[in-house]
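Subject: A structure for you to look at

Hi,

Here is the structure I said I would pass on. Have a look at it first, and then read my notes underneath.

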Amino acid sequence: MRPSSPDAPAFVHLAAHPLRWQLLSELAASDYRVRELVERVGQPQNLVSYHLRLLRDGGLVAARRSSFDGRDSYYHLDLARCARALADAGSALHPALGFAPAPPSLLTKASRRPAVLFACTGNSARSPIAEALLHHRAGGRVEVTSAGSHPKPRIHSVAVQLLREQHGIDISGQHPRHLDTLVGRRFDYVISLCDKVREVCPDFGGQPRLVHWSLPDPAAASGPGPVGYPAFVRTAAEIDTRIRYLLPLLMPTPQEVQP
């Protein structure tokens, strides 16, 4: 008699449901509010909320209160945790199916550099950190800039300090710029990093891919979570993780290059 089969890994149970897979697929591209997910998957709000709760309980999805409307929340897919869960599921089926859950980080040559704009309100912390980290990770092979809807007089000193100390990047000579100064520029991706700027970001034309990363302002952080320098460290770490997963979307990996 064959031994009874072990239960499938939790990730398989969660991801196998058609609606939950739809929600995971949508959140893999951008952070969304419940009502936006309802529109995108075409299902009733109570059903979407129920399956989002299951995904949150499983640790794959997290929610953050919107800084634009505190009555609303943005949902975010933890891609790093999904990668680990996929690796664990493969190993559970057969040891040879396990893999290192590290996203590709090397870009190859292309006919032109993809252009990315990061936007936040003040262009003093989140968006310049994202700009610097993407430029660093891409080795200059991505045209990247940042701007704000209400730019501050200068880049936040802690953002400058963190990038210098932890990544060896110097942005001390950089100054915040207004989003309006970039109208007419071509962008492949426009990525908003705060909920307020998402509501007022101008139309840049050319049909760029619009992505939202709902990140709290580290400069405005107050208890009980990290404040001051630790808040910037946490924000930069999340931005860096998201950028590592953005890189394979911007340009093909070496395996995909045609001879």
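Below is what I found, going from the whole chain down to single residues.

First, a reminder: this is a predicted model. The protein chain has nine helices and six strands. It runs to 259 residues, and 43% of them count as buried. If you take the contacts between residues at least 6 apart in sequence, 68% join residues at least 24 apart.

Now for the inside. In soluble globular proteins, nonpolar side chains tend to be buried together. Here the largest nonpolar core has 45 residues, and those with the most contacts inside it are Phe118, Leu134, Ile191, Leu193, Trp213 and Leu250. Which elements give two or more residues to this core? They are the strands β3 (115-120), β4 and β5 (189-192), along with the helices α6 (126-138), α7 (157-167) and α9 (229-250). The largest share comes from α9, with seven residues.

Leu250 is a good one to click on. Leaving aside neighbours within four places in sequence, Leu250 is in contact with Pro114, Val116, Leu134, Val142 and Tyr189. Apart from this core lies another one, of 21 residues, with Leu19, Val48, Leu52 and Ala85 among them.

Next, have a look at α6. This helix has 13 residues and reaches 18 Å from its first C-alpha to its last, close to the 18 Å expected at 1.5 Å a residue. Since 10 of those 13 residues are buried, α6 is largely enclosed by the rest of the structure. The buried ones include Arg126 and Glu131, as well as Ile129, Leu133 and Leu134. What do the buried residues of α6 pack against? The answer is β3, β4, α7 and α9. Just after the helix comes Gly139, whose phi is positive, near 65 degrees.

You can see α9 meet α6 at Ala236. This residue is found in helix α9, and it is buried, with a relative accessible area of 3%. Not counting neighbours within four places in sequence, Ala236 is in contact with Ile129, Leu133 and Leu162. Try finding Arg126 too: Ala236 and Arg126 are 110 residues apart along the chain, yet their C-alpha atoms are separated by 7.6 Å.

Over in strand β4 (residues 143-148) you will find Thr145. Is Thr145 buried or exposed? At 7% relative accessibility it counts as buried, because the cut-off for that is under 20%. Residues up to four places away in sequence aside, Thr145 touches Val116, Leu117, Phe118, Glu131, Arg177, Leu182, Arg185 and Phe187.

One last thing: a pair of helices. Two packed helices are described by the angle between their axes and the distance between the axes. Helix α2 (residues 18-29) and helix α4 (residues 45-57) pack at an angle of about 75 degrees, and their axes are 10 Å apart. That angle makes α2 roughly perpendicular to α4. On the α2 side, the contact is made by Leu19, Arg20, Leu23, Leu24 and Leu27, and on the α4 side by Leu47, Val48, His51, Leu52, Leu54 and Leu55. Sorted by type, the residues of this contact are nine nonpolar, one polar and one charged. Leu19, Val48 and Leu52 should ring a bell, as they also belong to the core of 21 residues.

Have fun exploring!

How values were computed. Residues numbered from 1 in each chain as written. Predicted model: local features only at pLDDT ≥ 70, side-chain atom pairs only at ≥ 80, totals over all residues. Heavy atoms only, no water. Helix = DSSP H or I, 4+ residues; strand = E, 2+ residues; numbered from the N terminus. Buried < 20%, exposed > 50% of the residue type's maximum accessible area, 1.4 Å probe, protein only. Contact = heavy atoms within 4.5 Å. Axes fitted to C-alpha atoms, helices over the stretch in contact; angles between N-to-C directions. Parallel < 35°, antiparallel > 145°, perpendicular 65-115°, else oblique. Nonpolar A, V, L, I, M, F, W, Y, C, P; charged D, E, K, R; others polar. Core = buried A, V, L, I, M, F, W, Y, C linked by side-chain atoms within 4.5 Å. Expected span 1.5 Å × (residues − 1).
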